[in-house]
Amino acid sequence: MSSAKPESTDVVVIGSGFGGAIAAYHLAAGGARVVVLERGPWLTAEEFDHDFMLGKSFTRVFDFTVGDGMSVLAGNCVGGGSVVYFATMPRAPEFVFERRGGLGRRMWPAAITRAALDPWYDRVSQALPVTQQSWDKVPYGGGLWGAACDHAGRTANAAPSAVDVSMCTNCNWMYAGCKFDAKRSLLLNYLPGALEHGAQIRPLHEVQHLTRNDDGSYRVHYRIVDEEDYRVLHDSGEIDAKIVVLAAGTAATPVILQRSEATLGTMPHAVGRYFSGNGERLNTVLFDEDKIRDVLGLTRADGIPYEGYQIGRGPVVACWDKLDGSLPEFERYSLEQLYFPPGLGTILAQVPGEPSPSWFGVAKKEMLRSWKSWLTIFTMSEDDNEGVFGPPPETGAATRFSQQMLGHNTLQYKPTASTRRGWELSDADVKDIVERDGLGRAAPWTNDLVGAYTVHPLASCRIGDDPATSALDDRHELRGHPGIFVTDGSAVPGALTVNPALTISALAERAMPGIVRAAQERGVAVTYVGGLPTGVRTSSKPVTVSA
């Protein structure tokens, strides 16, 4: 253990995903001394591997943690969720900001509406950048989903994306990092921009808790994570800062605050409560190749109708027909085509038409023979913010039970009837679309093995106007703890019905002028410049990395 005197800086940013990278960039660009602590490793494009072997990028950059009723898949690396996301970047529908959920009142702060957030959406869209995909660039899976929707009398949309399609090879490995820098992760914009302005990024630094100094500043306590076995923690260290920005992720930020309660004092009631899995649900569709040709009229250049599940990139086509504000709450959802790589996508898929459970057995083995004819349909609906985190583990955000990637978190999630209704309606909708004229057969993934699941966790430290049900005010400051801000997905009040990365980023951008003012009030020489990172970049590390 280290007994060295604590370091001192102006700002510590915990986490380097969307919320952390944006904060680091703006604060460093404004002249503050910024240190970013990231619990995961720092990988570059050449280090992203196209295989699933233990110790390769696929196991190094993910955290899959299993709770009681809900499992969470999240990024664990410099760049956070932006390295492991599919880069689909829609804006949340207008009705989302008027949601009431189980509160009986508006969940979002009065200051935030879709119109109020649009300028901040614009900024992020320019910085990454986000572009509208065209139908002539949509890969096979997206084309199949679009054609199936059209055949069923539905609409389909090519989704906006943070992918440079001119550089994309359609290798479908982007979920574990893009080897070609086609996916516009934060390794290509906000993080190099922060480095250019003097920020330090320190990988494999896992923050454990915070304490308050006599002068009102904060001390951040961390441990060094072993680069091969994440269960092993090495030296400890401490950094003093006048401002702390927490962006460790929805499943980690509340745990850090829970563990800090013994030294900082009482936390807001909403810390670690009201977790949302973004209402997510997955169906696997097994398509009939002959029907694809004869009913939809689709063939590839080589004469094969489809057999293209493994070719392309993440969600590129979505059906947004049910994103209708006139529908009752919990009946609104989006349906996206998606490739989910082997692993969970293979294990949790059930055999359509077989008695449940059918995620294992002879019929499942036979289904695997036709995996090239699969398509995964991804539901994002309105859940009821049912998740609650239990007491924090001794270290970290979860108890790791493997060398990398896998762990057990303290999240408890019992879906309400309202949440289940959204899932049931979306399951029925998927079947109605893909089973018309025998095109295919659909079945939802099993919840028996790891509970429900989400790749877009939200709301465990959410913003709001009501102190009883929101951990943060509308400036993202932690109630009762001035100088601590939260800018990651945990700050989002509830499910968005679409991919949340752009909304998380827009909220972080919106929070930055207020965080800069708070830093000024606490004696930091910083200004809000308001510029955006520019220039052509690669994901290379700087020549010198501060340790």
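## A buried helix and its surroundings

In helix α7, the buried residues (under 20% relative accessible area with a 1.4 Å probe, protein chains only) are Thr-253, Pro-254, Val-255, Ile-256, Leu-257, Gln-258, Arg-259, Ser-260 and Leu-264. That makes nine of the twelve residues of α7 (residues 253–264), so the helix is largely enclosed by the rest of the structure. Its cover includes β1 (7–14), β9 (205–212), β10 (218–225), β11 (233–246), β16 (388–389) and β21 (484–486). Just after α7, Gly-265 takes a positive phi of about 105°.

A word on the source: this is a predicted model, in which local features need pLDDT of at least 70 and side-chain atom pairs count only at pLDDT 80 or more, while totals for chains, interfaces and linings use all residues. Residues are numbered from 1 along each chain as its sequence is written, and side-chain values use heavy atoms, with hydrogens and water left out.

Now for the chain as a whole. It holds twelve helices and 21 strands, taken as DSSP runs (helices H or I, at least four residues; strands E, at least two) and numbered from the N terminus. Some overall values follow.

| Property of the chain | Value |
|---|---|
| Radius of gyration | 22 Å |
| Span of the C-alpha trace along its principal axes | about 75 × 50 × 40 Å |
| Share of the 547 residues that is buried | 63% |

The radius of gyration, taken over C-alpha atoms, agrees with the value near 24 Å for a compact globule of 547 residues; that rule is 2.2 Å times the number of residues to the power 0.38.

What about the core? A nonpolar core is a set of buried Ala, Val, Leu, Ile, Met, Phe, Trp, Tyr and Cys residues joined through side-chain atoms within 4.5 Å. The largest one has 163 residues, and Ile-14, Leu-27, Val-34, Trp-145 and Tyr-190 touch the most other members. Helix α12 (residues 501–521) gives this core its largest share, twelve residues. Leaving aside residues up to four places away in sequence, Tyr-190 is in contact (heavy atoms within 4.5 Å) with partners including Ala-21, Tyr-25, Arg-123, Leu-128, Glu-509 and Pro-533.

Finally, a look at Gly-81, which has its place in helix α3 (residues 81–84). Is Gly-81 buried or partly exposed? With a relative accessible area of 29%, Gly-81 is partly exposed (between 20% and 50%). Gly-81 touches Gly-17, Phe-18 and Gly-75, again not counting residues up to four places away in sequence. Ser-16 is 65 residues from Gly-81 in sequence, and their C-alpha atoms are 8.7 Å apart in space.
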